[in-house]
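Reader: I would like to understand how the words used for a protein model are justified. Could we go through them one at a time, with the reason for each?

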Amino acid sequence: MSSDVCVHAWPCSYYLDLEKRWVSGKLSLLPHSLKFIADRTGEVLVGVPLSSVTEIRKESSHFIFSAITVLEKGHAKHWFSSLQPSRNVVFNIIEHFWRELLLSQPGSAANVTSSPMTKGQELTGLMASSQRRMEDTAKVLHHQGKQLDSVMKDLEKIESDLDVADRLLTELETPSWWPFSSKLWKTPTKSKPREGASGAGCEPFGKEGVIIKIPAIISQRTESHTKPGKLIVLVSGLEIQDSNSLLLHRFEREDVDDIKVHSPYEVSIRQRFIGKPDVTYRVISAKMPEVIPILEVQFSKKVELLEDALVLRGRGTSSPAERSCSIWHAASGLMGCTAHRKLPTGGQEGGLLQLQRSWPLLSEGEAQELTQILSKLKGLALDTEAELERQDEALDNITTTVDRTTLTVDKHNWRMRKLT
């Protein structure tokens, strides 16, 4: 994720300690830093990396004006006041990103510039992220398969009930003097075990699987009322909880009307109602880039990327499939180079020397880790392919059964009208 993406910006005032005066401008939060730009000059007066922040506090300037202070390493203190829409909103969001940065990079956030990641570390991180996405997709696909199985069992029960209805209609259509009409009533008892089995199959699947849970800043209706909370993505919907894990709202999968992605770190979820206000939650989180791909899988037709998200996606060099393919080939090539201690042939000596300078070899540990991740991805891909083929067959069976059931229902309706 690009580090120059603006997560949020607020109008405020900054205190210039050297000139002893307040300057109006805009405070911008980036994924890894804070920046203040003056309104009149457009000059960047403050640029604070979040990794160098030691404390963020709520204070009052001159015991009257509410303010937020940011303390850097080296005891540099920055004052921000006249924050809009409110001090609490700005404080909650900045503190959330600061804490998540410290938790996600323990002990290494301060040395990010002095010790850059190697090619092997970057590639390992990309492959590990692809593995997590694949596992999340497999969970959603598994739940979808269970739903299809439940639909098929319900259709079998409907067909069983239609068989009973057929026997009853045959009994009504049979003349009273027909001697074998009583035998028709003995067969419905055979469907009871099947009915019980169908009921057992339709029981809940147990505790719902949690795909991902992230800390977030939650707001409803207006941005002036925000509070820390959690966003939980389930296989069957979404849950919004407060910081004490108390449920604020649950969105069932079919109840979600739209999900708007305002930025890589901010989304809004809406559920429409007739005759009363819609339920809309706005969620901001430092870990939102991990959730958005999962939401696109679960709610593909309901996810809308707004301008900032589209601009960010446009910065990518290729499609996700092409990126995954290039990562796969790069990993295979690098591991092959490590195993044989040589770079691929096919060029002049100058080209080989240039490749050796720009494409360092992987270490043995990184190659082993990549091998393990690739083998897991291969297993997940094969399982996913088998599950998709099974679901395709199930969908064909469901389509055939629905058509047959529809014809049977139409036939029974015609027979009932004929009796009346």
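**Reasons behind the terms**

Author: Let us begin with the overall picture: this is a predicted model, and its secondary structure comes to eight helices and 15 strands.

Reader: What makes strand β7 mostly covered?

Author: Strand β7 spans residues 77-81, and four of its five residues are buried. A residue counts as buried when its relative accessible area is under 20%, so β7 is called mostly covered because four of five residues meet that cut-off. For the protein as a whole, 36% of the 420 residues count as buried.

Reader: How do you know that β1 and β7 pair?

Author: Pairing requires at least two bridges between two strands. Strand β1, residues 8-16, and β7 are joined by two bridges in the antiparallel sense, so the requirement is met and they are called paired. Within β7, S81 is the bridge partner of S13.

Reader: Why are β6 and β7 also said to pair?

Author: Strand β6, residues 65-72, runs antiparallel to β7, and five bridges join them; because at least two are needed, these strands count as a pair. Here L71 stands opposite K77 of β7. The two strands form a hairpin with four residues between them, where G74 takes a positive phi near 95°.

Reader: How much of the contacts with a separation of 6 or more comes from residues 24 or more positions apart?

Author: Such residues account for 54% of those contacts in the protein, where a contact means heavy atoms within 4.5 Å.

Notes. Residues are numbered from 1 along each chain as its sequence is written. This is a predicted model: local features need pLDDT of at least 70, side-chain atom pairs count only at pLDDT 80 or more; totals for chains, interfaces and linings use all residues. Side-chain values use heavy atoms; hydrogens and water are left out. Buried means under 20% relative accessible area, exposed over 50%, partly exposed in between (1.4 Å probe, protein chains only).
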